[in-house]
Amino acid sequence: MSQPPQPGEPEGQVPGSGAPQGQPYQQPYPQQQGWYGAPRQPPPPNKTALWIGLGVLGLVVVVAVVAITGFVAPGFFLSDSKSKGAVASASSSSPAPTSSEQETAPSSPVRIPADRVPAPKRPTPPADPTECAYPASSSGEVPKKATPPAAGPTPASGTTAVTIKTTVGDIGLTLDRALAPCTVANFLSLAPQGYYDSTPCHRLATSGLQMLQCGDPAGTGMGGPGYTIPDEVFPEIKYGRGILAMAKTQAPNSGGSQFFMVFGEAELPPDYTVFGTISDAGLQVLDKVARGGVDEAGGAGDGSGPPRIPVTFQSVTIG
């Protein structure tokens with residue numbers, strides 16, 4: 001139901017994360033050190049011992065030559081067919097890294113920007129209080145019905161701290177009423193109702209659009225609380241690392257409970273309500289989930305899907 005789109009796609013389309021970034025860096029086999037035989041011993045003084053010594057030395061040389069040949073040429077001791085198979089196997093298991101692979105850490109093929117973006121600011125503050133309404137939804141699934149906030153005048157200034165306790169770690173949020181008073185009121189209404197408790201984050205994207213989407217109790221991306229909230233957007237909105245925003249369908253004013261946390265890049269049109277920011281510690285939790293990768297087999301074929309490291313909300317604490 002509620003999906004941020006891929007850059008360039010119309011609203012409400014499922015965002016594709018594009019082709020996966022470079023494959024994990026494959027460390028080539030280390031260069032083998034030269035093989036060295038045992039140090040030579042001085043020959044004995046008599047001829048018999050000398051001939052024996054020479055014979056032993058010759059044997060050592062022969063063994064050394066055979067050993068070096070077998071070591072340097074894999075498959076030397078095998079038949080032709082086995083030798084060819086062994087060499088092919090060795091070369092296929094250690095491809096030369098590309099330039100992008102060299103720049104990517106072996107443990108993580110996901111490129112995550114280090115710098116967070118500043119939170120957007122409205123050029124003109126909203127009316128304080130702002131009139132909000134939460135009409136019943138006529139579409140989508142309602143896996144867990146919730147009571148909407150009270151309609152009417154809503155505070156449009158001040159911030160509220162929120163901590164989401166998850167199975168992977170705590171994610172701290174700061175909700176900003178001056179950005180989206182109706183959206184903040186909605187989140188602060190859902191949390192005490194236990195709406196987000198035991199819900200999974202169903203969608204991770206790690207390339208192009210780098211975000212984790214949560215808030216659907218059914219875990220399908222189609223669910224909502226049974227009502228909708230108004231869009232609270234303005235042209236100056238920019239998305240990027242550290243931004244908290246609402247998901248929606250193609251239709252205007254169609255958000256509900258689903259939201260997405262941006263931990264990296266996000267080239268999106270300013271159509272998705274930004275209502276807060278993510279703490280540095282929370283971003284580290286999201287980074288860990290992102291580096292775990294996407295289960296594309298459970299996704300929609302756009303490169304996004306359930307995170308391989310499952311994330312389930314345990315509780316949401318206000319203040």
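**A buried aromatic cluster and its surroundings**

Phenylalanine 187 is buried, because its relative accessible area is 2%. Here buried means under 20% relative accessible area, exposed means over 50%, and partly exposed lies in between (1.4 Å probe, protein chains only). Phenylalanine 259 is also buried, with a relative accessible area of 0%. The model is predicted: local features need pLDDT of at least 70, side-chain atom pairs count only at pLDDT 80 or more, and totals for chains, interfaces and linings use all residues. Residues are numbered from 1 along each chain as its sequence is written, and side-chain values use heavy atoms, leaving out hydrogens and water.

The chain has 319 residues, and 41% of them count as buried. Its secondary structure comprises five helices and ten strands. Helices (H or I, at least four residues) and strands (E, at least two) are DSSP runs, numbered from the N terminus. Among contacts with a separation of 6 or more, 73% join residues 24 or more positions apart. A contact means heavy atoms within 4.5 Å.

Nine aromatic pairs were found in a search of the whole structure. In phenylalanine 187 and phenylalanine 259, the ring centres are 5.6 Å apart and the planes stand at 70 degrees, so this pair is edge-to-face. Phenylalanine 187 lies in helix 4 and phenylalanine 259 in strand 8, so the pair ties together parts 72 residues apart in sequence. Tyrosine 195 and tyrosine 196 form an edge-to-face pair, at 5.5 Å between centres and 85 degrees between planes. Rings of Phe, Tyr and Trp (its six-membered ring) pair if their centres lie within 6.5 Å; planes under 30 degrees apart count as stacked, over 60 as edge-to-face and the rest as tilted. Both tyrosines, 195 and 196, are buried. Ring pairs link Phe187, Tyr195, Tyr196, Phe259, Phe275 and Phe313 into a cluster. Lysine 144 lies over the face of tyrosine 195, 5.9 Å from the ring centre. A charge sits over a ring if NZ of Lys or CZ of Arg is within 6 Å of the ring centre and within 35 degrees of the ring normal.

The largest nonpolar core holds 42 residues. Leu173, Leu175, Phe187, Phe259, Met261 and Phe275 touch the most other members. Another core, of 16 residues, lies apart from it and includes Met211, Ala247, Ala266 and Val274. A nonpolar core is a set of buried Ala, Val, Leu, Ile, Met, Phe, Trp, Tyr and Cys residues joined through side-chain atoms within 4.5 Å. In soluble globular proteins, nonpolar side chains tend to be buried together. Beyond its neighbours within four places in sequence, leucine 173 contacts residues including Val162, Phe187, Leu244 and Met261.

Threonine 183 lies in helix 4 (residues 181-190). This threonine 183 counts as buried, at 0% relative accessibility. Its contacts, leaving aside neighbours within four places in sequence, are Ile229, Pro230, Glu232, Met246, Thr273 and Phe275.

In helix 5 (residues 280-292), 13 residues should span 18 Å at 1.5 Å a residue; the end C-alpha atoms are 19 Å apart, which agrees. The expected span is 1.5 Å times one less than the number of residues. Gly282, Leu283, Val285, Leu286, Asp287, Val289 and Ala290 are buried in helix 5. The buried residues of helix 5 pack against strand 4 (170-176), strand 5 (203-207), strand 6 (209-214), strand 8 (259-266) and strand 9 (274-278). Glycine 293, just after helix 5, takes a positive phi of about 95 degrees.

Threonine 166 belongs to strand 3 (residues 159-166). It is buried, at 5% relative accessibility. A polar atom of the threonine 166 side chain lies 3.0 Å from the backbone nitrogen of valine 168. The same side chain of threonine 166 reaches the backbone oxygen of glycine 169 at 2.6 Å. Threonine 249 occupies the loop between strand 7 (243-246) and strand 8. Its side chain makes a polar contact with the side chain of serine 254 (2.9 Å). A polar contact is a pair of N or O atoms within 3.5 Å; within protein, one must be able to donate a hydrogen and the other to accept it, and residues adjacent in sequence count only if both atoms are side-chain atoms.

Some backbone geometry is less usual. Most residues other than glycine have a negative phi, and most peptide bonds are trans. A cis peptide bond joins aspartate 128 and proline 129, with omega about 10 degrees. Asparagine 253 has a positive phi of about 55 degrees, and is partly exposed at 38% relative accessible area.
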